[in-house]
Amino acid sequence: MLFDQISNDIKEAMKARDKVRLETLRNVKKVFLEAKTAPGANDTLSDSNAMKILQKLAKQGKESAETYKQQNRADLADAELAQVAVIEEYLPKPFTPEEIEEAVSTIIAQTGATSMKDMGKVMGVATKQLAGKADGTAISAMVKKLLGQA
């Protein structure tokens with residue numbers, strides 16, 4: 001399980017005296033524990049929910065880094081991006097634009113979509129199938145591109 005892997009990696013980071021990794025993984029574990037003890041969670045955290053949490057943390061880190069860059073605080077931006085890099089090690093490799101296009105083309109064929117009116121139907125299937133592998137914005141742009149050509 002991902003939760004156990006993070007716990008073990010915290011020990012390894014302590015032994016290696018890797019401050020950034022240790023701080024990042026402790027933060028991740030804290031969020032995981034909060035999710036496990038949330039009402040209705042029954043003290044469990046599935047790997048799929050853990051992945052969603054990791055994706056959210058990575059996205060927040062990137063957004064924070066961007067804000068820091070706009071404020072000319074490269075030092076803080078670099079620290080955020082270092083933590084994002086640690087989190088991304090646990091996420092599946094994101095799809096390339098070509099892979100997104102191929103997957104969306106297949107979904108359009110499966111759903112029988114023919115125009116922009118069918119975008120909602122395609123997006124519903126695409127966001128589920130490509131969860132964790134592609135950003136929603138990239139999926140949306142590809143669906144618009146492919147349905148616009150139809």
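Let's start in the middle of things: helix α2 passes helix α3 in a right-handed crossing (right-handed if the near helix is turned clockwise from the far one by less than a right angle, left-handed if anticlockwise). Helices here are DSSP runs of H or I with at least four residues, numbered from the N terminus. Keep in mind that this is a predicted model, where local features need pLDDT of at least 70 and side-chain atom pairs count only at pLDDT 80 or more, while totals for chains, interfaces and linings use all residues. Residues are numbered from 1 along each chain as its sequence is written, and side-chain values use heavy atoms, with hydrogens and water left out.

How far can you trust the model? The score to look at is pLDDT, the predictor's confidence in each residue, from 0 to 100. Its mean over the protein is 89, and 99% of the residues reach 70 or more. Confidence peaks in helix α4 (residues 74-88), at a mean of 94, and is lowest in helix α7 (residues 136-149), at 85.

Back to α2 and α3 (residues 47-70): their axes come within 11 Å and cross at roughly 135°. Axes are lines fitted to C-alpha atoms over the stretch in contact, and angles run from 0 to 180 degrees between N-to-C directions. That angle makes α2 oblique to α3 (under 35 degrees is roughly parallel, over 145 roughly antiparallel, 65 to 115 roughly perpendicular, and the rest oblique). On the α2 side, Val28, Val31, Phe32 and Ala35 make the contact, and on the α3 side Ala50, Ile53, Leu54 and Leu57, with contact meaning heavy atoms within 4.5 Å. By class, that's eight nonpolar residues, no polar and no charged. Nonpolar covers Ala, Val, Leu, Ile, Met, Phe, Trp, Tyr, Cys and Pro; Asp, Glu, Lys and Arg are charged, and the others, Gly among them, are polar.

Now for the other partner of α2. Helix α1 (residues 2-16) packs against α2 (residues 19-36) at about 150°, with the axes 9 Å apart, so the two are roughly antiparallel. Their crossing is left-handed. The contact of α1 with α2 has 10 nonpolar, one polar and five charged residues. Among the residues that meet are Phe3, Ile6 and Asp9 in α1, and Arg21, Leu25 and Phe32 in α2.

What does a search of the whole structure find in the way of aromatic pairs? Just one pair turns up. The ring centres of Phe3 and Phe32 are 6.3 Å apart and their planes sit at 35°, so the pair is tilted (centres must lie within 6.5 Å; planes under 30 degrees apart are stacked, over 60 edge-to-face, and the rest tilted). Phe3 in α1 and Phe32 in α2 are 29 residues apart, so to speak linking distant parts of the chain.

Further along, α5 (residues 97-111) and α6 (residues 119-129) pack at about 130°, with axes 10 Å apart.

Terms used. Phe/Tyr/Trp six-rings, centres within 6.5 Å; stacked < 30°, edge-to-face > 60°.
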